[in-house]
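Trainee: I have this one open in the viewer and would like to talk it through. Could we begin with the metal site and then move outwards?

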Amino acid sequence: MSRAIVLAAGKGTRMKSKQPKVLHDLCGRPMLWYVLEALRATGIEQIVVVANEELKPQLGEFGVTCVVQTPQRGTGHAVQVALEALEPRNATLVVAYGDMPLVDATIFEDVQAAVDADAGTALGLVTARMPLPSNFGRVVRNGAMIEKIVEFRDATTAEREIDEMNAGIYAFDERALRAVIGKLNDKNAQGELYLTDTVSLLVGASYRCVPVQALDYRLVLGVNDRVELSTARATMNERLCHAHMRNGVTIVDPATTYLEPGIFIGNDTIIEPNTSIGGNSVLGERTRIGPNSRLYNARLDDDVRITESVVLDTSVGARTTIGPFAHLRQGNVVGADVSIGDYVELKNTRMAAGAKANHLAYLGDATVGEKANIGAGTITCNYDGVHKYPTTIGRNAFIGSNSSLVAPVTVGDGASTGAGTVVIRDVPGGDRVVGNPARSIGAKKAPST
Ligand code: UD1
Ligand code: CA
């Protein structure tokens, strides 16, 4: 069983946050999540996260082993603490930092492949060429091999000119690592035990440390403050947008389209600018979303059109149109060929196929039958200040403008309410009611022949 150690106990001082750095959000997931995903994709089975006291209780959902490091005396100290908690093995051990969410699985695969304990290669280290200036640790080479790593703060002027950086991804021969890890000292600018010093210790013990160059330095950028967080978010978002575009989705403006991992978008869907789609959203084919829309946990069938609207925790049937300026929140089930127009709010409501609510309405805890028409200004009065009550509107019902339906109440199939009606009692199917409180004016007569 292959193992990895992920360091995440640092104070994250530069974030200036009460929240642990690795839990800061990046496109809908905590930063740490991306690192763990990439590691798991390479077959790593056990991941030990080195955490501080604040982070530990929040690691439950990640499926990792947690080791607490207090006080935090540096990255080398963090690995010492993790190794004490692990049964020693003669195997490759990956060490990565939890603050580099843009890594992909390929990097972890390549670095593991570089270790060869039998041939004396005790460390594969990911390096990246980067534009200067940079605060990354500098990789000092001896020919094709790494001689040592110098932290930026400890580097000489000449060393600061080196543009090959320590990415913070290591694959160690665990036995060699254990042999040197106790020898770290804190005689450096930060007074910390640096994991990076294991390189010169290994070289001193006649092991080889090989560089594994990342193809693109942007994949290994660490996030240390909120400026770097926004840079990482832009990169991740671009990556997500590109993946969907290559998969047959038109994104008019990737720079203002915000996607999360784990969403599905069908072919020939068009996403207009300034739109975000997240959670477990699944979009069918040929849907058209935006501009200025937000979807979260939305399940859309084919050919749905959503304009300048918010759709949360809602499923929507084929060909339905929503917006502009509609707000569908929390547990709606909207059928096919439904029309929901401007300034309509739906909460926990079912609208059957062909129903319409084209302007200015609040439908909460309601069930609307097939082809029912909800007039402008219709309100389901679902809340009496203490409890919520349901409203049922039958098939082909016609709710006149500015009707108030005081729940619990049912308006039967084919029934209608006049403009401004306040419905406080059930209306039988086919009946017509008007006024406040609503009174029957009898069923509509069949046209005389
Ligand atoms: C580190 C590297 C540097 C490299 C850079 C890449 C060291 C000494 N330096 O610098 O060479 O170029 O990453 O991004 O390793 N952490 C702990 N316990 C501690 C200290 C840190 O778990 O006591 C964790 C942090 O939470 C973080 C990671 O280790 O996830 C790296 O620490 P950070 O302080 O960000 O190191 P850098 O200064 O970025
Ligand atoms: Ca860092």
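Mentor: Let us settle the term first: for calcium, donors are N, O and S atoms within 3.2 Å of the metal, and because water is not among the atoms, a site may look incomplete. Keep in mind as well that this is a predicted model.

Trainee: Okay, which residues coordinate the calcium ion (ligand 2)?

Mentor: Asp99, through OD, and Asn224, through OD1, coordinate the calcium ion, at 2.4 to 2.5 Å. The two residues are 125 apart along the chain and link distant parts of it, with Asp99 in the loop between strand E6 (92-97) and helix H3 (105-114), and Asn224 in the loop between strand E11 (208-213) and helix H7 (226-246).

Trainee: Is Asp99 buried or exposed?

Mentor: Asp99 is buried, since its relative accessible area is 14%, and the cut-off for that word is under 20%. Asn224 also counts as buried, because its relative accessibility is 15%.

Trainee: Switching to packing, how many residues are in the largest nonpolar core?

Mentor: That core has 71 residues, and those with the most contacts inside it are Ile5, Leu39, Val79, Phe108, Ile169 and Val220. Strand E10 (residues 164-173) gives the most to this core, contributing six residues. Apart from it lies another core, of 56 residues, which includes Val223, Leu229, Leu300 and Ile393.

Trainee: And what is Val220 in contact with?

Mentor: Setting aside neighbours within four places in sequence, the contacts of Val220 include Met100, Ile107, Val126, Phe136 and Ile169.

Trainee: Now the domains: where does the assignment put them?

Mentor: The domain assignment gives domain 1 as 3-220 and domain 2 as 243-440, and their C-alpha centres lie 50 Å apart.

Trainee: How many residues of each are in contact?

Mentor: Five residues of domain 1 are in contact with four residues of domain 2. Between them the two domains bury about 300 Å², with 53% of that on carbon and sulfur atoms. Of the area that domain 1 buries against domain 2, Cys27, Gly28 and Arg29 supply 83%, more than any other three residues.

Trainee: How many salt bridges are there across that interface?

Mentor: The rule finds zero salt bridges across the interface of domain 1 and domain 2.

Trainee: Last one, where is Lys18, and is Lys18 buried or exposed?

Mentor: Lys18 is in the loop between strand E1 (3-7) and strand E2 (25-26), and Lys18 counts as exposed because its relative accessibility is 86%. From C-alpha to C-alpha, Lys18 is 54 Å from Ala397, with 379 residues separating the two in sequence.

Note on methods. Residues are numbered from 1 along each chain as its sequence is written. Chains are lettered from A and ligands numbered from 1 in the order in which they are written. This is a predicted model: local features need pLDDT of at least 70, side-chain atom pairs count only at pLDDT 80 or more; totals for chains, interfaces and linings use all residues. Side-chain values use heavy atoms; hydrogens and water are left out. Helices (H or I, at least four residues) and strands (E, at least two) are DSSP runs, numbered from the N terminus. Buried means under 20% relative accessible area, exposed over 50%, partly exposed in between (1.4 Å probe, protein chains only). Donors are N, O and S atoms within 2.8 Å of the metal (3.2 Å for Na, K and Ca); water is not among the atoms, so sites may look incomplete. A nonpolar core is a set of buried Ala, Val, Leu, Ile, Met, Phe, Trp, Tyr and Cys residues joined through side-chain atoms within 4.5 Å. Contact means heavy atoms within 4.5 Å. Domain bounds come from an automatic or database domain assignment. Buried area is the accessible area (1.4 Å probe) that two parts lose on being put together, summed over both. A salt bridge is a side-chain nitrogen of Lys or Arg within 4 Å of a carboxyl oxygen of Asp or Glu.
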